[in-house]
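Q: Please take a close look at one part of this structure, and then connect that part to its surroundings. I would like a single, continuous account that I can follow with the model open beside me.

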Amino acid sequence: MNGPLYRKVADDLRRRIESGRLAEGEQLATEDELMESYHTSRSTIRAALKELTTRGLVNTLHGKGTFVTKQVNPIVTTLTSDPKTGGGGGEGLVYTAEVAASGRSATTGRLRLEIMNANPEIAHSLGIKEGTTVICRHEDRYVDDKPWSVQTSYYPWSLYNEAPGLLNNADMAEGTVSYLAERGIRQVGYRDTVAVRVPNMEETEYFDLPADGRIQVVEIYRVAFDQEQRRVRLTITVYPADRNRFVINVGDVPVSDELAAGGPEAL
């Protein structure tokens, strides 16, 4: 085989991992043992392990060793809503239905409610002045008890008189989109802005991501509009890229039975 020696070592270890001879979670031999096995230098072994780390096949824990990475079965989230059924959207009840359709269990952490002043980013998204009071609702979301995403929604304080339940610190079983609709504030559309970035320290710890930042996060900013074209909600959802995939439907696309009865909901 042509190419540098470290790549030959990496390819051999990769084949052993992909064939199952090295199982998920199994610890690799030490650097000294690998040097002896492959009759090569420490620098070559470290280069090979770096190659496997970049590919997401192994993970080195300081003071413990190098382990075969446990492969994640991603959840597929539909970001668009179906024009006929309202299914999709990646939020609330519909998100739970999509997770359940994959044979997994979706749960959320305790809702955190806060009244705060809008920073420039929130103010720009909601079309309000910086420093204006907003209602913030935040949840951590889990799949099979593993952190899967975090979602924070901001509502202009001007909605409070029409929808005082936004300050209810208990979960709304019907979701806030349905609650607002009952109060005469119908969500008629939303605009998503998608960014991919390196996770911050808090996200790295919460999602248990590698500290080197090689697994990025997908951050989706959603601005929702009501029937009067008011900006009534900003929802920011952060998804680790290693355990999430997204679907965007355009045109007349069949929707799955699991989502047919649902609609996009938020916190």
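A: A residue is called buried here when its relative accessible area is under 20%, exposed when that value is over 50%, and partly exposed in between. The model is a predicted one, and every value below is computed from it.

With that cut-off, the burial pattern of helix α3, which covers residues 42-54, can be read directly: Thr44, Ile45, Ala48, Leu49, Glu51, Leu52 and Thr53 are buried in this helix. An α-helix has 3.6 residues a turn, so residues three or four places apart point the same way. The helix itself has 13 residues and reaches 18 Å from its first C-alpha to its last, close to the 18 Å expected at 1.5 Å a residue. Among the elements that cover its buried residues are the helices α1 (5-19) and α2 (31-38), together with the strands β1 (58-61) and β2 (65-68). After α3 comes Gly56, which has a positive phi near 80°.

Helix α3 also takes part in the largest pocket, as α3, β1, β2, β7 and α7 (201-206) each supply at least two residues of its lining. The space in this pocket is about 980 Å³. Its lining consists of 38 residues, and those closest to the centre are Asn59, Thr60, Thr69, Pro210 and Arg214.

Strand β7, residues 146-156, leads from the pocket to a second region, since 10 bridges join this strand to β6 in an antiparallel arrangement. The two strands form a hairpin with 2 residues between them, and Asp144 in the turn has a positive phi of about 50°. Within this pairing, Val143 stands opposite Lys146 of β7.

Strand β6 has further partners. Strand β5 (residues 112-117) runs antiparallel to β6 and is joined to it by 6 bridges, with Val134 in β6 as the bridge partner of Met116. Strand β4 (residues 106-108) is likewise antiparallel to β6, and 3 bridges link the two; here Thr107 stands opposite Tyr142. Strand β6 is mostly covered, with 9 of its 11 residues buried. In a regular strand the side chains alternate between the two faces of the sheet.

One residue of β6 merits a closer view, namely Asp140, which lies in this strand of residues 133-143. Asp140 counts as buried because its relative accessibility is 13%, which is to be set against the cut-off of under 20%. Its side chain makes a polar contact with the side chain of Arg112 at 3.4 Å, and another with the side chain of His138 at 3.0 Å. If neighbours within four places in sequence are left aside, Asp140 is in contact with Thr107, Thr108, Gly109, Arg112, Ser149, Val150 and Tyr206.

For the wider setting, the protein chain contains 8 helices and 11 strands, and buried residues make up 41% of its 267 residues. Its C-alpha trace spans about 75 × 40 × 30 Å along the principal axes. Of the contacts in the chain with a separation of 6 or more, 63% are between residues 24 or more positions apart.

How values were computed. Residues are numbered from 1 along each chain as its sequence is written. This is a predicted model: local features need pLDDT of at least 70, side-chain atom pairs count only at pLDDT 80 or more; totals for chains, interfaces and linings use all residues. Side-chain values use heavy atoms; hydrogens and water are left out. Helices (H or I, at least four residues) and strands (E, at least two) are DSSP runs, numbered from the N terminus. Buried means under 20% relative accessible area, exposed over 50%, partly exposed in between (1.4 Å probe, protein chains only). A polar contact is a pair of N or O atoms within 3.5 Å; within protein, one must be able to donate a hydrogen and the other to accept it, and residues adjacent in sequence count only if both atoms are side-chain atoms. Contact means heavy atoms within 4.5 Å. The expected span of a helix is 1.5 Å times one less than its number of residues. Two strands pair if DSSP finds at least two bridges between them. On a 1 Å grid over the protein atoms alone, a cavity is a set of points where a 1.4 Å probe fits but cannot get out, and a pocket is an open set with protein on both sides within 12 Å along at least five of seven lines; lining residues have an atom within 4 Å of a point. Grid points are joined across faces, edges and corners, and a volume is the space filled by probe spheres set on the points.
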